[in-house]
Amino acid sequence: MHAWPGSRYPLGATFDGAGTNFALYSEVAEWVELCLFDSTGKEARIGLPEVDGFVWHGYLPAVGPGQQYGFRVHGPHDPTDGKRCNPHKLLLDPYAKAVTGAVDWDESVFGYPFGDPDGFNDADSAAYTFRGVVVNPFFDWANDRAPKTPYNESVIYEAHVRGLTMLHPDIPEQLRGTYSALAHPVMIDYLTGLGVTAVELMPVHEFLHDHGLTERGLRNYWGYNTIAYLAPHDGYALKLNSPGSQVQEFKAMVRALHEANIEVILDVVYNHTAEGNHLGPTLSLRGIDNETYYRLVDDDRRYYMDYTGTGNSLNVRPSHTLQLIMDSLRYWVTEMHVDGFRFDLAATLAREFYDVDRLATFFDLVQQDPVISQVKLIAEPWDVGPGGYQVGNFPPLWTEWNGMYRDTVRDFWRGEPATLGEFASRITGSSDLYQDDGRRPYASINFVTAHDGFTLNDLVSYNEKHNEANGEGNRDGADDNRSWNCGAEGPTEDEKVNDLRARQRRNLLATLLLSQGTPMLLHGDELGRTQQGNNNGYCQDNELSWVDWSLLDKNSDLLEFTKAVIELRRDHPVFRRRRFFAGRPIRKGDELRDIAWFTPSAEEMSEQDWESGFGRSIMVFLNGDAIGDLDRRGARVHDDSFLLCFNAHDDDIEMIVPDASYGAQWSVVLDTASGEVFSVSGEGIVLGVVAGDRPTTARTFAAGEGINTQARSLLVLRRTEAQP
């Protein structure tokens, strides 16, 4: 087959309706072969005829969607100098938009013979590794529109495409675990009924199942082992006889979620790849241009710098590595219509040299990019390298997973000492972390649980991790979980323990959803999902990690409670302010501050109260007349005023309603002790219980009156009379 010269841009395989242009960057290459495969696996090799600026390229007329391909790069092989070219290894295109096949861990996929890491392995890997697929770029998006939900109105739902849908009885069995399952009306109805505005999907870039896991009969369930940054994972697609169909299926999923006004945020892993350390396989970047794409140890270039704990770190200094990342991000926004990204171990992307640099080139590129700068950007603000914990230190355009929020809220509700002041800071948006650089409260992505760690149910049911199923002797996973089993380890028949656990689940959910900032729920927490104490389910692609939908009936009260609190947040802007509290009156003539803190006896908190190491209870007044925000039409935002009574003590406490200047009459709208959440009509009348066994009458209290607040519970009261 004769190749035309083609074009150096765009990189990858690009079908134009008549043929396909292939382009691959490699500065170290001396020659590049394009390898085409037919349906039987027969290979044809074609030398790319042109090279411009280290981009090797060629155009093949009549080659179109469905064509499987790869590259072979001829060049120097000297591991001691960081060069690992090996033309016997079929290499996956870093810009492949679809991938087919799998790595079966034959010795041929390694660049060295077993037992000789610096040797040269001339066994051909083509039959044992991935191939790229040319895709059809055309898709009927109809009237697709990005929801563009503001951060302060967002409720994010961290979900796993496979784990969320594998056990759902109302989704056809052949669809479960796929993009199509997530787009199924049953699933979309559930998400909209819950009240979430965005799904944050755990990695859907094509990833690899680690060699060590497959040897133990396990799989990389989480997917943090990326091998192709532009390709949706083939394992989450319907098994059709048309390679590359996963792209169309993914687009259809996004279109369906957008129709329901749900955003799609991708968890992306640009900090490392699946090729691992110097003993890992040669699958793509390692054989294309090892020293451009990876951080190598300066004084021994056989080895890789590892800031991720996975064996390698992507080298974000060279322009072509940055181009790969930025091209990938733009592709997912412009072609796949996703709405944002959560960057795994994002501190690694700021390591241009050794230290984390807040002004790193990557962040400059994002800031000026007209596409990427306009979507949601969420950092996991740490890595495992020196100085890697960077909560609060990302640029103004970014939001962050707030690990300090998680730790503080967990500690408060389990009764740890010296957390009261910290707790107050975290539930009001963490101004100490985000205000100085011009960010808003929503820069704090608040979470209590995430995929990494205990589920909400397990957080209140286990003191210790129980990861034996992972086959690592229970050595893996975090040891500092800040969990509390409420008196018994694991499942128990003790009614008092189970009642306390239920109350603690409600405490944590209500705190999360009523805090300033952007809340993120872990899928299944609203159902009481358990992993039986496993806090590191990365390799458990089975019922241990999948959402158990039978809990819909068993824990329907928890689900209804969660829905009701999300609705309370949605209906009341005082819980989702766009600006930080000022701690003073907002306008001239106002008597009340926008926020006020009280002891249980209704005395304003003093410095001594804040510094008390044994404080477990506090009240906070949120002034709905002093929000200070403007709505989309420029009108001032007004809301009801609320009093939140937190009691993390192990005894019931009488809390006194503050004096009448804050409000003469108050009604309970939420009580985590009973699980009741009362809805309020436009006239301010409490209608009845939303979450609970049966309708009851909401309690009302006058200024100065005492409220018996049950041990380890949260009461939310609404001011029910207009202020003079």
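## An open sheet of four strands

Four strands make up an open sheet, arranged in the order β1-β2-β6-β5 with antiparallel pairing, where two strands count as paired if DSSP finds at least two bridges between them. Strands here are DSSP runs of E with at least two residues, helices are runs of H or I with at least four residues, and both are numbered from the N terminus. At the edges stand β1 (12-15) and β5 (50-52), each of which pairs on one side only. From one strand to the next the twist averages 25 degrees, taken between axes that are lines fitted to C-alpha atoms, with angles running from 0 to 180 degrees between N-to-C directions.

The edge strand β5 pairs with β6 (residues 55-61) in the antiparallel sense over 3 bridges, and D52 has V55 in β6 as its bridge partner. In the segment before β1 lies P10, and the peptide bond that leads from Y9 to P10 is cis, with omega near 0 degrees.

## Basis of the description

The model is predicted, so that local features need pLDDT of at least 70 and side-chain atom pairs count only at pLDDT 80 or more, while totals for chains, interfaces and linings use all residues. Residues are numbered from 1 along each chain as its sequence is written, and side-chain values use heavy atoms, with hydrogens and water left out.

## Helix α8 and the largest core

Helix α8 (residues 361-368) has F362, F363 and V366 buried, a term that means under 20% relative accessible area, against over 50% for exposed and values in between for partly exposed (1.4 Å probe, protein chains only). These residues lie on the same side of α8 because they cover an arc of only 95 degrees around the axis, judged by the directions from the helix axis to the C-beta atoms. Among the elements that cover the buried residues of α8 are α7 (319-334), β17 (340-343) and β18 (376-379).

The largest nonpolar core has 170 residues, of which F341, F343 and F362 touch the most other members; such a core is a set of buried Ala, Val, Leu, Ile, Met, Phe, Trp, Tyr and Cys residues joined through side-chain atoms within 4.5 Å. Leaving out residues up to four places away in sequence, F343 touches, among others, V268, Y270, L329, F362, L377 and W398, where contact means heavy atoms within 4.5 Å. A second, separate core of 17 residues includes C645, Y662, F701 and L717.

## A buried threonine in α15

T562 belongs to helix α15 (residues 556-571) and counts as buried, at 0% relative accessibility. Apart from neighbours within four places in sequence, T562 is in contact with L194, L509, L513, L521 and E526.

## Positive phi in two loops

In the loop between β17 and α8 lies L345, whose phi is near 45 degrees, a positive value in a residue other than glycine. L345 is buried, with a relative accessible area of 11%. N474, found in the loop between α12 (456-459) and α13 (495-514), likewise is not a glycine and has a positive phi of about 60 degrees.

## Cysteines

A disulfide is a covalent bond between the sulfur atoms of two cysteines. With a disulfide taken as a pair of cysteine sulfur atoms within 2.5 Å, the count comes to 0 disulfides. For C85, the closest cysteine sulfur is that of C35, and the 14 Å between them is too far for a bond. C85 counts as buried at 2% relative accessibility, and C486 also counts as buried, at 6%.
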